[in-house]
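Colleague: I am still learning how structural terms get their meaning. Could you walk me through a few of them on a real example?

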Amino acid sequence: MKEQEKSQSKNGFPPSNLPRDPETGYFLDVPARIREIYKHNCFMSDFFHISIDEIYCGGAQVSLHIEHDKHANHRNVTHGGVLTALADSVLGVTGASVGEAVVTVNFSMDFISNVSMDGTVRMISNIKHHGRTTMVIVGEMYDNKNRLLATMMASMMNVDKIEGIPSKW
């Protein structure tokens with residue numbers, strides 16, 4: 001346990017050797033730093049195998065390959081909980097894109113269409129409000145045929161700053 005504590009900063013993020021701007025101290029490659037942080041998220045990487053496809057200031061895209069044997073419910077369609085977990089996963093990455101560690105306060109999702117088995121689903125998010133203590137993130141989920149599958153909106157609590165990531169880049 002003590003070794004794990006030594007390898008993490010005070011807010012729980014792993015240390016980094018990525019290059020920084022000598023004047024500001026910000027990471028030169030913000031997406032690389034966020035990927036480095038989320039590489040250690042066992043829910044996203046080990047359990048669900050969610051990919052972080054894109055990170056930009058104020059938003060992100062994550063994706064998941066849907067497999068029948070892992071993600072189907074008793075009716076042989078993708079379980080809504082799988083799609084909800086994908087949508088929830090984009091939220092932390094989106095908060096990190098503006099230097100905030102966030103937790104979900106409220107989350108709503110509207111399912112529009114189900115996804116075919118053995119396809120890829122992607123969730124694209126954007127920050128609509130970034131306040132001192134909260135942020136609102138919206139997102140849309142698409143399949144590999146670019147059909148809209150779901151929309152979501154979440155209210156997040158900003159619980160800490162992520163050192164080295166600016167709010168604008």
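Modeller: Happy to; we will take some terms one by one, and please keep in mind that this is a predicted model.

Colleague: What makes the contact between Glu163 and Arg20 a salt bridge?

Modeller: The term asks for a side-chain nitrogen of Lys or Arg within 4 Å of a carboxyl oxygen of Asp or Glu. The side chains of Arg20 and Glu163 meet at 2.7 Å, N to O, so the pair fits the definition. A search of the whole structure finds 5 salt bridges.

Colleague: Which parts of the chain does the pair of Glu163 and Arg20 tie together?

Modeller: Glu163 lies in the segment after β6 (148–161), while Arg20 sits in the loop between α1 (2–6) and α2 (30–38), so the pair ties together parts that are 143 residues apart in sequence.

Colleague: Why is Glu163 called exposed, and why is Arg20 called partly exposed?

Modeller: Exposed means over 50% relative accessible area and buried means under 20%, with partly exposed in between. Glu163 has 52%, so it counts as exposed. Arg20 has 30%, which means it is partly exposed.

Colleague: How do you know that Lys161 and Glu100 form a salt bridge?

Modeller: Their side chains meet at 2.6 Å, N to O, and the cut-off is 4 Å, so the name applies. This pair links distant parts of the chain, with Lys161 in strand β6 and Glu100 in strand β3 (residues 100–111), 61 residues apart.

Colleague: Are Lys161 and Glu100 buried or exposed?

Modeller: Lys161 has 53% relative accessibility, so it counts as exposed. Glu100 has 3%, so it counts as buried.

Colleague: What separates Arg33 and Glu36 within helix α2?

Modeller: About one helical turn, because they are 3 residues apart in that helix. Their side chains meet in a salt bridge at 2.7 Å, N to O. Arg33 has 5% relative accessibility, so it counts as buried.

Colleague: What makes the meeting of Glu36 and Ser16 a polar contact?

Modeller: The distance between their side chains is 2.6 Å, and the cut-off for N or O atoms is 3.5 Å, so it fits. Ser16 is also among the residues that Glu36 touches, including Pro14 and Leu18.

Colleague: Lastly, why is the protein chain called as compact as a globular protein of that length?

Modeller: The chain has 5 helices and 6 strands. Its radius of gyration is 17 Å, close to the 15 Å that the globule rule gives for 169 residues, so the description holds.

Technical notes:
Residues are numbered from 1 along each chain as its sequence is written. This is a predicted model: local features need pLDDT of at least 70, side-chain atom pairs count only at pLDDT 80 or more; totals for chains, interfaces and linings use all residues. Side-chain values use heavy atoms; hydrogens and water are left out. Helices (H or I, at least four residues) and strands (E, at least two) are DSSP runs, numbered from the N terminus. Buried means under 20% relative accessible area, exposed over 50%, partly exposed in between (1.4 Å probe, protein chains only). A polar contact is a pair of N or O atoms within 3.5 Å; within protein, one must be able to donate a hydrogen and the other to accept it, and residues adjacent in sequence count only if both atoms are side-chain atoms. Contact means heavy atoms within 4.5 Å. The radius of gyration is taken over C-alpha atoms; the globule rule is 2.2 Å times the number of residues to the power 0.38. Lists of a residue's contacts leave out its neighbours within four places in sequence.
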